[in-house]
Amino acid sequence: MILTIRTYGDPVLRKVSEPVGKIGPAERMLIASMLETMYKHKGVGLAAPQIGINKRIFVTDDGEGPEVFINVKITKPKGKAVLEEGCLSIPGINIDVERPNEITVEYIDHEGKSHKKIFRELIARVIQHETDHLNGKLIVDYLPPEELKKYQAKLEKIKNKDTHANT
């Protein structure tokens, strides 16, 4: 089932998500819908808050196949790289974001299995971007105030479009 993506201005995007206690049929159904929604919108990642659910779940596919991340913990960041990032919740805006280019990630998959893996490059960036969503952070938060002003009109348009769509 394709889900509605929440956009800039929706308060759900600014909340810190709750950990997932157990992975049952409801969570598996949610994950399947999140993957379907991500693919429909040609994204490489989608976090539960982006579809209105404040749970610590996100899905990714960087071209190597889908992965599911639940209750993520990022440790041991290494290196730095600045790359342009977009976001399904902030359509039409791309921001240069500096992030570590290697991270160690502890997480649970859709079957409830624990993992600890090192991720590099694009997938490391996607994981960090989606983890930001779980913490109520958006790519525009990386901009200094004077740079953010350049995007204010576009952000207001996204916010107002979303507000009118829901009335």
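## Strands and ring pairs in a predicted model

In the hairpin formed by β2 and β3, where 6 residues lie between the strands, Gly 63 takes a positive phi near 105°. This structure is a predicted model, and the description below starts from that hairpin and moves on to the aromatic rings.

Strand β2, which covers residues 57-60, pairs with strand β3 (residues 67-78) in the antiparallel sense over 4 bridges, and within this pairing Val 59 has Val 68 of β3 as its bridge partner. Strand β1 (residues 45-47) also runs antiparallel to β2 and is joined to β2 by 3 bridges, with Ala 47 having Phe 58 as its bridge partner in β2. Both faces of β2 are covered, since Ile 57 and Val 59 on one side and Phe 58 and Thr 60 on the other are all buried.

A search of the whole structure finds 4 aromatic pairs, two of which involve Phe 69 and are set out here.

| Pair | Geometry | Centre to centre | Between the planes |
|---|---|---|---|
| Phe 69 and Tyr 107 | tilted | 4.5 Å | 45° |
| Phe 69 and Phe 119 | edge-to-face | 5.8 Å | 65° |

The pair of Phe 69 in strand β3 with Tyr 107 in strand β6 (residues 102-108) links parts of the chain 38 residues apart, while the pair of Phe 69 with Phe 119 in strand β7 (residues 114-120) links parts 50 residues apart. Phe 69 and Tyr 107 are both buried; Phe 119 also counts as buried, because its relative accessibility is 6%, under the 20% cut-off. Ring pairs link Phe 58, Phe 69, Tyr 107 and Phe 119 into a cluster.

A further contact involves a charge: the charged end of Lys 137 sits over the ring of Tyr 142, 4.1 Å from its centre.

Notes:
Residues are numbered from 1 along each chain as its sequence is written. This is a predicted model: local features need pLDDT of at least 70, side-chain atom pairs count only at pLDDT 80 or more; totals for chains, interfaces and linings use all residues. Side-chain values use heavy atoms; hydrogens and water are left out. Buried means under 20% relative accessible area, exposed over 50%, partly exposed in between (1.4 Å probe, protein chains only). Helices (H or I, at least four residues) and strands (E, at least two) are DSSP runs, numbered from the N terminus. Two strands pair if DSSP finds at least two bridges between them. Rings of Phe, Tyr and Trp (its six-membered ring) pair if their centres lie within 6.5 Å; planes under 30 degrees apart count as stacked, over 60 as edge-to-face and the rest as tilted. A charge sits over a ring if NZ of Lys or CZ of Arg is within 6 Å of the ring centre and within 35 degrees of the ring normal.
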